[in-house]
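Student: Hi! I've just opened a new structure and would love some help finding my way around. Could we look at it together?

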Amino acid sequence: MEWINVALPKGRLGEKVYRSFEAAGYACPGLLEDNRRLIFENEENGMRYFWVKPSDVAIYVEQGAADIGVAGKDILLEYRPDVYELADLGVGRCRMCVAAKKEFYDDRVRTLRVATKFARIARDYYASQSREIDIIHLNGSIELAPILGLSEVIVDIVETGRTLAENGLEVKEEIVPISARLIANKVGYKFKNERLRRLCRALEEQGKG
């Protein structure tokens with residue numbers, strides 16, 4: 001049996017993505033049941049799924065532990081894994097944005113303090129504007145940074161913007177749209193090309209539907 005190994009991100013996004021696999025004919029019984037199992041196999045279609053932390057999906061795929069996986073475009077831009085990006089699955093849509101207090105004005109004479117957990121994305125974005133910045137790396141509650149004067153702006157993922165609004169912040173600039181992408185290991189894609197291309201086409205058809 002030649003398995004197709006699929007790394008799925010834990011959480012709501014992964015469950016939603018799996019529904020697309022299921023609808024495309026690549027189901028795996030028991031995968032969404034309430035249990036602590038991490039690996040699920042379906043010998044009939046040769047699919048093996050496993051749940052991993054969303055930020056680790058690209059690592060599993062890049063290193064060959066998974067043939068394919070589903071990762072947010074934010075992860076691909078931030079960590080730049082050496083993988084193929086096969087398709088935009090059209091789920092988990094949001095935006096990478098610059099946000100600040102409503103009254104914020106960018107005084108370009110001064111170095112801009114930027115709080116974020118997406119340091120590479122922030123650096124690349126401001127480098128394209130020739131803007132000098134200092135990165136303040138935070139892992140959570142990033143909205144607090146401009147409120148408490150730790151930074152002037154934040155670079156973060158925005159879905160509805162409700163959290164920003166409730167804390168007196170607003171989107172100032174949109175950097176890039178974000179959504180879930182199907183990625184593939186480069187070696188695995190070469191040796192399992194026909195099956196992976198067929199799977200990719202089926203998922204894209206689901207996205208169109």
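Student: Let's start with the cysteines. How far is the sulfur of Cys97 from the closest cysteine sulfur?
Tutor: The distance is 8.8 Å, and the partner in question is Cys94. A disulfide needs the two sulfur atoms within 2.5 Å, so this pair is too far apart for a bond. Keep in mind that this is a predicted model, so we are talking about computed distances.

Student: Okay, and how many disulfides does the structure hold?
Tutor: Zero. Cys94 is in no disulfide either, its nearest cysteine sulfur being that of Cys97.

Student: Are those two cysteines buried or exposed?
Tutor: Cys97 counts as buried, with 1% relative accessibility. Cys94 is buried as well, at a relative accessible area of 13%.

Student: What about β6, residues 94–101: is that strand mostly covered or mostly open?
Tutor: Mostly covered: six of the eight residues in β6 are buried.

Student: Which strands does β6 pair with?
Tutor: One is β10, residues 169–178, which runs antiparallel to β6 and is joined to it by eight bridges. Another is β9, residues 153–158, also antiparallel, with six bridges. Ala99 is a handy place to see both pairings: Ala99 stands opposite Ile154 in β9, and its bridge partner in β10 is Val171.

Student: Nice. What is the order of the strands in that sheet?
Tutor: The open sheet has five strands in the order β8-β7-β9-β6-β10, with mixed pairing. At the edges are β8 (133–137) and β10, each pairing on one side only. On average, neighbouring strands are turned by 30 degrees against each other, ignoring direction.

Student: Which helix packs on the sheet?
Tutor: That is α4, residues 119–127, which touches β6, β7 (112–116), β8, β9 and β10. The direction of α4 makes about 165 degrees with that of β8.

Student: Back to β10 for a second. I clicked on Leu169; where does that residue sit?
Tutor: Leu169 is in strand β10, and Lys101 of the neighbouring strand stands opposite Leu169. Leu169 is buried, because its relative accessible area is 2% and the cut-off for buried is under 20%.

Student: What does Leu169 touch, leaving out residues up to four places away in sequence?
Tutor: Its contacts are Ala100, Lys101, Glu143, Pro146, Ile147 and Leu164. Glu143 is 26 residues from Leu169 along the chain, yet their C-alpha atoms are separated by 7.9 Å.

Student: New topic: the largest nonpolar core. Which residues there touch the most other members?
Tutor: Leu8, Phe21, Tyr49, Ile68 and Leu182, out of 28 residues in that core. The elements giving two or more residues to this core are β1 (4–9), α1 (12–23), β3 (47–52), β4 (68–72), β11 (180–184) and α8 (193–208). Of these, α8 supplies the largest share, five residues. There is also a second, separate core of 16 residues, which includes Val98, Ala100, Tyr125 and Val176.

Student: Leu8 sounds worth a closer look. What does Leu8 touch?
Tutor: Not counting residues up to four places away in sequence, Leu8 touches Val17, Tyr18, Phe21, Leu31, Tyr49, Phe50, Trp51, Val52, Val57 and Val70.

Student: And β1, how many of its residues are buried?
Tutor: Six of six. Ile4, Val6 and Leu8 point one way, while Asn5, Ala7 and Pro9 point the other way, and all are buried.

Student: Which strands pair with β1?
Tutor: β3 is one, parallel to β1 over six bridges, with Ile4 opposite Met47. β4 is another, also parallel, over two bridges; there the bridge partner of Val6 is Ile68.

Student: Can we zoom out? How many helices and strands are in the protein?
Tutor: Eight helices and 11 strands. The C-alpha trace spans about 60 × 35 × 30 Å along its principal axes, and 45% of the 209 residues are buried.

Student: Last one: how much area does the protein expose?
Tutor: About 11,600 Å², with carbon and sulfur atoms supplying 46% of that. As for contacts with a separation of 6 or more, 67% are between residues 24 or more positions apart.

Notes
Residues are numbered from 1 along each chain as its sequence is written. This is a predicted model: local features need pLDDT of at least 70, side-chain atom pairs count only at pLDDT 80 or more; totals for chains, interfaces and linings use all residues. Side-chain values use heavy atoms; hydrogens and water are left out. A nonpolar core is a set of buried Ala, Val, Leu, Ile, Met, Phe, Trp, Tyr and Cys residues joined through side-chain atoms within 4.5 Å. Buried means under 20% relative accessible area, exposed over 50%, partly exposed in between (1.4 Å probe, protein chains only). Helices (H or I, at least four residues) and strands (E, at least two) are DSSP runs, numbered from the N terminus. Contact means heavy atoms within 4.5 Å. Two strands pair if DSSP finds at least two bridges between them. Axes are lines fitted to C-alpha atoms, for helices over the stretch in contact, and angles run from 0 to 180 degrees between N-to-C directions. Accessible areas come from the Shrake-Rupley method with a 1.4 Å probe; for residues, only the protein chains shown count as cover.
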